[in-house]
Number of protein chains: 2
Amino acid sequence: MRPDVPLGAPHERSDAARNRERLLNAARDLVAEFGAEALTMDALACKAHVGKGTVFRRFGSRAGLMMTLLSDSESEFQRGFMFGPPPLGPGAAPKERLIAFGEGRIYFVLENGELLKAAGAATRNRFDVPATKLSHRHMEVLLREAGIADPWVMAMSLTYALDPERIVDDVRVRGISPTRLTDSWRELVTRLLRTT
Amino acid sequence: MRPDVPLGAPHERSDAARNRERLLNAARDLVAEFGAEALTMDALACKAHVGKGTVFRRFGSRAGLMMTLLSDSESEFQRGFMFGPPPLGPGAAPKERLIAFGEGRIYFVLENGELLKAAGAATRNRFDVPATKLSHRHMEVLLREAGIADPWVMAMSLTYALDPERIVDDVRVRGISPTRLTDSWRELVTRLLRTT
DNA sequence: ATACTAAACGGACTGCGGTCCGGTTTCTAT
DNA sequence: ATAGAAACCGGACCGCAGTCCGTTTAGTAT
């Protein structure tokens with residue numbers, strides 16, 4: 001019984017479950033219709049026929065809501081670089097994996113850009129978005145394998161170089177093609193990790 | 001007379017000048033006392049004995065105010081890399097200049113961090129902060145000289161790698177020493193620009 | 001001096017994210 | 001069935017950035 005409840009979690013009440021369902025459906029509808037940018041917490045509460053307090057108890061903040069909405073596609077992307085086939089997944093050289101990671105990330109961001117921007121914008125440290133932490137750790141490991149002196153800090157530089165806001169604005173505001181972005185990423189990683 | 005009025009600018013009215021002075025003084029006081037983070041536009045208007053509309057007509061937005069507050073030290077930094085002595089200024093090799101630029105930027109950000117974060121946070125595209133545009137252009141030129149294939153995009157990657165929020169949080173939240181940041185920046189640029 | 005006009009003024013107003021707390025509902029133990 | 005408690009609910013409320021518009025004021029032309 002009670003699948004995937006963390007263990008002794010005190011059982012989610014039925015009204016809570018019902019409201020969570022309502023909220024997620026309403027949120028997906030609103031995002032589909034007006035875009036993530038335009039989603040307000042009041043409108044969501046109203047559309048889901050639920051009090052505003054309920055929305056915030058459920059998701060904590062606007063950023064939390066966006067992260068919840070993202071979690072499916074995000075976990076899929078994560079599975080890709082953690083368990084999937086090379087060059088993205090394990091089995092290829094660090095350089096190749098890092099290139100593939102950046103390319104995948106760029107396309108992922110361009111598909112879920114609004115959500116990601118909204119998730120990052122509304123939070124203090126975007127670094128405590130759990131998915132960001134995981135990506136950072138992944139890059140850190142690859143950089144260490146490749147002989148970078150301070151892989152943690154370097155991974156942070158690359159994390160910010162792949163910032164959703166940056167990618168989305170490059171493409172949508174400044175008119176850079178996705179191909180140029182991935183090419184430049186490849187150049188960056190290639191030069192960074194080539195052996196003397 | 002009337003120095004640095006762009007040319008045929010329609011003469012700033014005396015009450016406008018008086019209020020601008022009041023606002024800047026009040027803003028500096030508030031930032032000094034409570035930090036840039038905590039400065040609200042209402043509090044500023046109140047302390048300067050000025051209506052709220054006046055604040056927004058003067059500075060356009062909270063970000064605009066922060067940029068005004070920054071402009072002095074920012075122009076100084078800009079002079080440094082545009083006209084100052086090498087390796088920051090002209091005369092050194094691109095790689096050296098880029099290293100010096102990043103180091104200078106990191107220390108500049110750590111001194112003016114709150115203001116910079118506040119300026120960037122409140123604006124849509126942080127890229128349309130004029131100072132950011134200039135820095136980007138500077139890096140673009142250096143990268144082109146160094147033979148990078150797509151200097152514009154690469155400069156954008158590096159711009160985000162030097163993001164104020166990133167630098168400030170690395171040091172103040174995640175406990176990374178400034179030295180580690182500058183060392184890692186040096187490693188990044190060195191590897192990026194070393195010739196085959 | 002006087003009248004005119006364009007600019008500047010200021011504060012009430014809106015919309016948003018987020019908090020708070022008194023009332024209600026669901027589950028559990030008896 | 002019943003009582004009690006914990007969890008949940010909802011909407012009034014707050015602080016803040018930014019807008020709007022009727023009023024005031026500084027400069028200018030006569």
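Which atom of B:Met41 lies 2.9 Å from a phosphate oxygen of DNA strand D? It is a backbone N or O atom. Keep in mind that this is a predicted model.

Two chains help to form the surface near DNA strand D. Chain A gives two or more residues from each of α1 (14-34) and α3 (52-59). Chain B does so from α1 (14-34), α2 (41-47) and α3 (52-59). The element that gives the most is α3(A), with 5 residues.

Now look around the strand. In total, 22 residues surround DNA strand D. The closest are A:Arg13, A:Asn19, A:Gly53, A:Arg57 and B:Lys52. Sugar and phosphate make up 57% of the strand D atoms that come within 4 Å of the protein. The surface residues divide into 10 charged, 7 polar and 5 nonpolar.

The bases are contacted too. A polar side-chain atom of B:Arg13 sits 3.2 Å from a base oxygen of DNA strand D. At A:Lys52, a polar backbone atom is 3.3 Å from a base nitrogen of the strand.

Next, turn to helix α4 of chain A, residues 62-83. A:Ser73 lies in this helix. Is A:Ser73 buried or partly exposed? Its relative accessible area is 24%, so A:Ser73 counts as partly exposed; buried would need a value under 20%. A:Ser73 touches A:Phe108 and A:Asn112, leaving aside residues up to four places away in sequence. A:Gly60 is 13 residues from A:Ser73 in sequence, and their C-alpha atoms are 21 Å apart.

Finish at helix α8 of chain A, residues 151-161. This helix is mostly covered, with 10 of its 11 residues buried. Among them are A:Pro151, A:Met154, A:Leu158 and A:Tyr160.

Key
Residues are numbered from 1 along each chain as its sequence is written. Chains are lettered from A and ligands numbered from 1 in the order in which they are written. This is a predicted model: local features need pLDDT of at least 70, side-chain atom pairs count only at pLDDT 80 or more; totals for chains, interfaces and linings use all residues. Side-chain values use heavy atoms; hydrogens and water are left out. Buried means under 20% relative accessible area, exposed over 50%, partly exposed in between (1.4 Å probe, protein chains only). Helices (H or I, at least four residues) and strands (E, at least two) are DSSP runs, numbered from the N terminus. Contact means heavy atoms within 4.5 Å. A residue is near a molecule or strand if one of its heavy atoms lies within 4 Å of it. A polar contact is a pair of N or O atoms within 3.5 Å; within protein, one must be able to donate a hydrogen and the other to accept it, and residues adjacent in sequence count only if both atoms are side-chain atoms. Ala, Val, Leu, Ile, Met, Phe, Trp, Tyr, Cys and Pro count as nonpolar, Asp, Glu, Lys and Arg as charged, and the others, Gly among them, as polar.
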